[in-house]
Amino acid sequence: MKSPLPVRNGVNATRVRVPAEGPWATAMDYILEKFGHVDSAGIVERFERGEVRALDGEIVTPTTPLNEHMFIWYYRELPEEVRLPVEISILHQDENLVVVDKPHFLPTTPGGMYVQESALVRLRVLLDLPDLVPIHRLDRMTAGVLLFSANPETRGKYQLLFEKRRIEKTYRAVAPVREDLELPLVIRSRMIKSRTYLLAQEVEGEPNAETRIELMDTRVDTTSGQTLGLYDLQPHTGKTHQLRVHLAAQGIGILNDSFYPILFDQAPDDYTKPLQLLAHSISFTDPLTREPVKYSSKLELSEFPNHQ
């Protein structure tokens with residue numbers, strides 16, 4: 001369902017489904033009851049300025065009856081955001097794909113308190129590409145290679161690569177070393193994540209998540225005396241927090257992970273201690289050129305600098 005309103009300042013218009021019946025005489029009455037606690041005056045102003053639209057582009061006015069349109073679109077009034085002290089690097093750009101190095105702490109897409117401060121909105125504004133959309137996602141705390149589609153006409157071909165698991169990904173992580181753990185090791189488990197629960201969990205049942213773990217290098221931390229390892233991780237599935245859960249389950253939780261194996265209280269971001277997890281490379285056969293391609297991160301993990 002294509003929005004009748006264009007992307008503005010890198011942000012999509014908000015779509016709202018309007019009920020066919022209820023105690024509201026107009027669509028504006030419904031929106032005010034649903035969202036008026038946030039900005040009631042601003043909502044009325046947007047209706048009065050003709051900035052609320054139906055699917056066919058028709059203006060939804062303050063007097064438009066409740067049941068005249070099933071969906072309406074309008075722009076949210078966004079609070080000013082403090083710019084995060086991290087930057088995106090462009091690894092590759094053509095008419096179809098934009099490949100970037102996403103830094104730690106920057107979310108892939110808008111959500112919660114981060115809207116303009118997301119990789120998607122930053123890139124739409126920076127590159128003047130309002131149709132840009134992510135083909136896959138990285139957690140806010142994970143850095144590394146991230147692919148965006150710049151062309152709606154070819155987008156489906158690249159999305160299909162991920163759906164059919166025709167993508168090879170490698171990650172790098174820093175975590176403690178267990179001398180008794182035989183590596184390389186393939187972990188298979190069943191993982192679930194509820195929309196209402198912050199953490200992913202391993203449960204009994206048919207495996208739906210698989211990760212290959214290999215130890216690449218080690219060093220002794222001079223402060224703690226702990227032996228740390230640089231791990232190569234190859235996920236063959238893409239479950240939420242899969243790598244973090246699988247390493248934590250082996251007793252080698254990723255350094256600076258505030259979720260696994262122990263959930264810490266929410267605290268302000270500490271930019272000196274990023275999660276030591278990096279999406280290092282993505283490779284696949286390009287569906288348009290039929291040529292093999294590989295995109296590799298130029299970032300490094302701070303606990304293993306100068307190690308590619």
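**Exercise 1. Pairing of β6 and β7**

Task: State how many bridges join strand β6 (residues 133–134) to β7, and in which direction the two strands run.

Solution. This is a predicted model. Two bridges connect β6 with β7, and the two strands are antiparallel. One position to inspect is V133, which stands opposite S149 in β7.

**Exercise 2. The other partners of β7**

Task: Find how strand β5 (residues 97–102) and strand β13 (residues 277–285) are each joined to β7.

Solution. Step 1: take β5. Six bridges join β5 to β7, and the pair runs antiparallel. Within this pairing, D101 has V145 of β7 as its bridge partner.

Step 2: take β13. Two bridges link β7 to β13, and here the strands run parallel. G144 stands opposite A279 in β13.

Step 3: turn to burial. The cut-off for a buried residue is under 20% relative accessible area. Seven of the seven residues of β7 (residues 143–149) are buried, so this strand is largely enclosed by the rest of the structure.

**Exercise 3. Strand β8**

Task: Determine which strands β8 is joined to by six bridges, and why β8 is described as largely enclosed.

Solution. Step 1: β8 and β13 are joined by six bridges and run antiparallel. E168 has S283 in β13 as its bridge partner.

Step 2: β8 and β12 are also joined by six bridges, again antiparallel. P176 stands opposite L228 in β12.

Step 3: seven of the nine residues of β8 are buried, so the rest of the structure largely encloses this strand.

**Exercise 4. Helix α4 and its surroundings**

Task: Identify the buried residues of α4 and the elements against which they pack.

Solution. Step 1: list the residues. Q242, L243, R244, V245, H246, L247 and A248 are buried.

Step 2: relate this to the whole helix. Seven of the eight residues of α4 are buried, so α4 is largely enclosed by the rest of the structure.

Step 3: find the packing partners. The buried residues of α4 pack against β8, β9 (185–192), β10 (201–203), β11 (209–220), β12 and β13.

Step 4: look past the end of the helix. α4 is followed by G251, which has a positive phi near 80 degrees.

**Exercise 5. The nonpolar cores**

Task: Describe the largest nonpolar core by its residues and by the elements that contribute to it, then name members of a second core.

Solution. Step 1: the largest nonpolar core has 33 residues, and F148, L233, L247 and L277 have the most contacts inside it.

Step 2: β5, α2 (119–127), β7, β8 (168–176), β12 (227–235), α4 (242–249) and β13 give two or more residues to this core. The biggest contribution, four residues, comes from α2.

Step 3: examine L233. Apart from neighbours within four places in sequence, L233 is in contact with K169, T170, Y171, A173, R212, I213, L243, L247 and L277.

Step 4: a second core, separate from the largest, has 15 residues, including V18, A27, A54 and I72.

**Exercise 6. A cavity and a pocket**

Task: Give the volume and the lining of the largest cavity and of the second largest pocket.

Solution. Step 1: there is one cavity of 30 Å³ or more. The largest cavity has a volume of about 50 Å³.

Step 2: its lining consists of R172, L230, L278, H280, L299, L301, F304 and H307. By class, the lining of the largest cavity has five nonpolar residues, two polar and one charged.

Step 3: the second largest pocket holds about 360 Å³ of space. It is lined by 15 residues, of which K2, S3, L5, V7 and N12 are the closest to its centre. The lining of this pocket divides into nine nonpolar, two polar and four charged residues.

**Exercise 7. The protein as a whole**

Task: Summarise the protein by its helices and strands, its span, its burial and its contacts.

Solution. Step 1: the protein has four helices and 14 strands.

Step 2: along the principal axes, its C-alpha trace spans about 70 × 45 × 40 Å.

Step 3: of the 308 residues in the protein, 45% are buried.

Step 4: among contacts with a separation of 6 or more, 62% are between residues 24 or more positions apart.

Methods: Residues numbered from 1 in each chain as written. Predicted model: local features only at pLDDT ≥ 70, side-chain atom pairs only at ≥ 80, totals over all residues. Heavy atoms only, no water. Buried < 20%, exposed > 50% of the residue type's maximum accessible area, 1.4 Å probe, protein only. Pairing = 2+ DSSP bridges. Core = buried A, V, L, I, M, F, W, Y, C linked by side-chain atoms within 4.5 Å. Contact = heavy atoms within 4.5 Å. 1 Å grid on protein atoms, 1.4 Å probe; cavity = no way out; pocket = protein on both sides within 12 Å on 5 of 7 lines; lining within 4 Å. Points joined across faces, edges and corners; volume = space filled by probe spheres on them. Nonpolar A, V, L, I, M, F, W, Y, C, P; charged D, E, K, R; others polar.
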